[in-house]
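Please read these notes with the model open beside them. They are meant for a reader who has not seen this structure before.

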Amino acid sequence: GRLQLIVEARNSFENGKTDLSDVKDPFVLAGLISMFFLQLPEPLFSFELYDSFIDVASETEATKDDRIKEVLNKLDPSSYRLTQCFFSFLHHKIHLNALINNMTAKNIGLVFGMSLLKPKIMTPEAVKLVFKQCSLVEYMIEHYDRIFLPIEITSWKDAKWNDDLPTAGALITPQQMQMIEYGEIVPGLSIANPNPTSTSTLSI
């Protein structure tokens, strides 16, 4: 099945046998991204902020944008930056092309809602709140430009990076984040472990 293809693609990439640009099935690529987030030791939105994000999902639109910003600002700097880059990619590259790819913000929310935000222990009560996780991701994709500040550069290729700038313990470098944002393949970036200098990997 497709899961086997996803695992094979990940293992092949991890072993240096293939480049992700060789993977032509968009569902396999989406599966690789989802697998990456699912296998993080802690979800991108953190266990600590789970309740806060769930509460925000119930806010009215009049207050929701500000409340989302407030909770996002509690993320550590590297998680915030990755969130911004990933949601920029989902909004500009996927959502705005929904007429072509049939991936609306709602559909994307269903794909990534449970991998970006989840409780430490999945109780029966938490299962009932999964729809809020998905709806929050949907809302953040749809209203990306209202929630995040603009990213100033227009192309990672034109960027002038200062390697001496601190990255606040980021899992990946600013260059790699920018490449993710603009839908580029990141050389040396592990699907199982986003830190290219580390030898540890996450298994499934």
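The points below go from the model as a whole to single helices and residues.

1. Basis of the note. This is a predicted model, in which local features need pLDDT of at least 70 and side-chain atom pairs count only at pLDDT 80 or more, while totals for chains, interfaces and linings use all residues. Residues are numbered from 1 along each chain as its sequence is written, and side-chain values use heavy atoms, with hydrogens and water left out.

2. Confidence. The average pLDDT of the chain is 77, and 73% of the residues score at least 70; pLDDT is the predictor's confidence in each residue, from 0 to 100. The stretch 152-204 has a pLDDT below 50, and in the model it has 88 contacts beyond near neighbours in sequence. A contact here means heavy atoms within 4.5 Å.

3. Overall make-up. The chain has 11 helices and 0 strands. Both kinds of element are DSSP runs numbered from the N terminus, helices being H or I with at least four residues and strands being E with at least two. Of the 204 residues, 43% count as buried, where buried means under 20% relative accessible area, exposed means over 50%, and partly exposed lies in between (1.4 Å probe, protein chains only). Of the contacts between residues at least 6 apart in sequence, 65% join residues at least 24 apart.

4. Helices H5 and H7. How do H5 and H7 lie relative to each other? The axes of H5 (residues 77-94) and H7 (residues 105-116) come within 13 Å and cross at roughly 170°, which makes the two helices roughly antiparallel. Axes are lines fitted to C-alpha atoms, for helices over the stretch in contact, and angles run from 0 to 180 degrees between N-to-C directions. Angles under 35 degrees count as roughly parallel, over 145 as roughly antiparallel, 65 to 115 as roughly perpendicular and the rest as oblique. On the H5 side the contact involves Phe86, Phe87, Leu90 and Ile94, which meet Ile108, Phe112 and Leu116 of H7. By class this contact has 7 nonpolar, no polar and no charged residues. For these classes, Ala, Val, Leu, Ile, Met, Phe, Trp, Tyr, Cys and Pro count as nonpolar, Asp, Glu, Lys and Arg as charged, and the others, Gly among them, as polar.

5. Ile108. This residue of H7 is buried, with a relative accessible area of 1%. Leaving aside neighbours within four places in sequence, Ile108 is in contact with Leu90, Ile94, His95, Met103 and Ile141. Ile108 and Ala30 are 78 residues apart in sequence, and their C-alpha atoms are 9.9 Å apart.

6. Helices H4 and H9. H4 (residues 61-72) packs against H9 at an angle of about 95°, with the axes 12 Å apart, so the two are roughly perpendicular. H4 contributes Glu61, Lys64, Asp65, Ile68 and Leu72 to the contact, and H9 contributes Leu136, Tyr139 and Met140. By class this contact has 5 nonpolar, no polar and 3 charged residues.

7. Leu136 and Asp65. Leu136 lies in H9 (residues 130-142) and counts as buried at 1% relative accessibility. Not counting residues up to four places away in sequence, Leu136 touches Phe53, Val56, Ala57, Ile68 and Leu117. The C-alpha atoms of Leu136 and Ile54 are separated by 8.0 Å, with their positions 82 residues apart along the chain. Asp65, in H4, is buried at 12% relative accessibility. Outside the residues up to four places away, Asp65 touches Tyr139, Arg146 and Ile147. From Asp65 to Arg146 the C-alpha distance is 7.0 Å, at 81 residues apart in sequence.

8. Positive phi. Which of these two loop residues is buried and which is exposed: Ser46 or Asn102? Ser46, in the loop between H2 (26-38) and H3 (50-57), has a phi near 70° and is buried at 12% relative accessibility. Asn102, in the loop between H6 (98-101) and H7, has a phi of about 65° and is exposed at 56%. Neither Ser46 nor Asn102 is a glycine.

9. Cysteines. A search of the whole structure finds 0 disulfides, a disulfide being a pair of cysteine sulfur atoms within 2.5 Å. Cys85 is buried at 0% relative accessibility, and Cys134 is buried at 9%.
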